[in-house]
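Could you walk me through this structure, feature by feature? I would like to learn how to read each one.

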Amino acid sequence: MTTVGEFMTTRLVTMNGNDTLTAAAQEMRDSAIGDVVVTDGGNVVGIVTDRDITVRAVAENMDPASTRLNQITTKDVVTVSPHDDAVSAADLMRTYAVRRLPVVDDGRLVGLVSMGDLAVEREPQSVLADISADDPNN
C-alpha cells in the first residue's frame with residue numbers, strides 16, 4: 001500500500017483569509033504553484049486556486065486588490081491523512097470532484113496531494129503524470 005505521505009507535496013503556501021486576491025496571485029506566480037491553503041490560527045479553513053481567482057472573482061468584476069481570499073475560498077475542504085492509502089485519496093478526489101487535498105496530521109497541515117501527484121505515483125507513463133512531473137513553464 002502506497003500512502004499519501006510517500007508522495008505528497010510538502011512545499012506549501014498558506015495565507016490568511018484576509019489577504020487579497022492580488023497577494024495570493026503574486027504568491028502563486030512567485031512560487032510557481034496553482035493554489036494556496038487558507039488557514040486561521042494554523043487550522044485549514046479553505047483553499048483558493050488560480051482558477052477560483054479567475055472564475056469566482058475576476059469574471060464577476062471583483063477588484064483583486066480589495067477582494068479578500070475569504071470571499072472566494074472553497075470552505076468545505078476534504079482532507080486526508082499522510083497515512084491514508086493513495087487509492088483512497090484518488091477516490092475522494094473523484095467523489096468530491098476536487099483536484100487537490102490538504103494533508104492533515106493531528107490537526108496540523110503537513111502537505112498537499114494533487115491529482116498530478118497521484119498520476120505521477122500511480123500511472124507514471126500517463127500524459128498527466130508527464131505534465132505534472134515537468135518543470136513549470138510560467
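What follows is a dialogue between a learner and a teacher about this predicted model.

Q: Let us begin with the overall layout. How many helices and strands does the chain have, and in what order do the elements run?

A: A good habit is to list the elements before turning to any detail. Here the chain has five helices and five strands. Starting at the N terminus, their order is β-α-β-β-α-α-β-β-α-α. Of the 138 residues in the chain, 39% are buried. The accessible surface is about 8,100 Å², and carbon and sulfur atoms account for 44% of it. Contacts tell us about the chain too: of those between residues at least 6 apart in sequence, 52% join residues at least 24 apart.

Q: How do I read a helix? Which residues of H1 are buried, and which exposed residues are on the face turned away from them?

A: Pick out the buried residues, then look down the axis. In H1, residues 21-31, the buried ones are Leu21, Ala24, Met28 and Ser31. They line one face of the helix, because they fall within an arc of 105° when seen down its axis. Arg29 and Asp30 are exposed on the face turned away from that buried side. The cover over the buried residues of H1 includes strand E1 (14-16), strand E2 (35-40), strand E3 (43-49) and helix H2 (50-57).

Q: And which residues of H2 are buried, and what covers them?

A: The same reading works here. Asp52, Ile53 and Ala57 are the buried residues of H2. Seen down the axis of H2 they fall within an arc of 100°, so these residues line one face of the helix. Their cover includes H1 and E3.

Q: Now the strands. How many bridges join E2 to E3, and how many join E1 to E2?

A: For each pair, look at the bridges and the direction. E2 and E3 run antiparallel and are joined by six bridges, while E1 and E2 run parallel and are joined by three. Thr39 is a handy residue to follow: its bridge partner in E3 is Val44, and Asn16 stands opposite Thr39 as well. The hairpin of E2 and E3 has two residues between the strands, and in it Gly41 takes a positive phi near 60°.

Q: Why is E2 described as largely enclosed by the rest of the structure?

A: Count its buried residues. Five of the six residues of E2 are buried, so the strand is largely enclosed by the rest of the structure.

Q: Asp35 is in that strand. Is Asp35 buried or exposed, and what does its side chain contact?

A: Asp35 has a relative accessible area of 9%, so it is buried, the cut-off being under 20%. Its side chain makes a polar contact of 2.8 Å with the side chain of Arg100. Beyond residues up to four places away in sequence, Asp35 touches Met28, Ile47, Val48, Thr49, Arg100 and Leu112. Compare Ser114 in strand E5 (residues 108-114). Ser114 counts as buried because its relative accessibility is 18%. Its contacts, leaving aside neighbours within four places in sequence, are Met93, Arg99 and Arg100.

Q: How do I find a core, and which residues have the most contacts inside the largest nonpolar one?

A: In soluble globular proteins, nonpolar side chains tend to be buried together. The largest nonpolar core here has 13 residues, and Val4, Val80, Leu101, Val103, Val113 and Leu118 have the most contacts inside it. Helix H3 (86-96), strand E4 (100-105) and E5 each supply at least two residues of this core, with H3 giving the most, three residues. A second, separate core has 12 residues, among them Val13, Met15, Ala24 and Val48.

Q: One last feature: positive phi. Where are Ala97 and Asp106 found?

A: Most residues other than glycine have a negative phi. Ala97 has a positive phi of about 50° although it is not a glycine, and it is found in the loop between H3 and E4. Asp106, also not a glycine, has a positive phi of about 55° and lies in the loop between E4 and E5. Ala97 counts as exposed at 70% relative accessibility, and Asp106 is exposed with a relative accessible area of 80%. Ala32, which follows H1, also has a positive phi, near 55°.

Note on methods. Residues numbered from 1 in each chain as written. Heavy atoms only, no water. Buried < 20%, exposed > 50% of the residue type's maximum accessible area, 1.4 Å probe, protein only. Helix = DSSP H or I, 4+ residues; strand = E, 2+ residues; numbered from the N terminus. Arc of directions from axis to C-beta. Contact = heavy atoms within 4.5 Å. Pairing = 2+ DSSP bridges. Polar contact = N/O pair within 3.5 Å; in protein donor to acceptor, adjacent residues only side chain to side chain. Areas by Shrake-Rupley, 256 points an atom, 1.4 Å probe, with all protein chains shown as cover. Core = buried A, V, L, I, M, F, W, Y, C linked by side-chain atoms within 4.5 Å.
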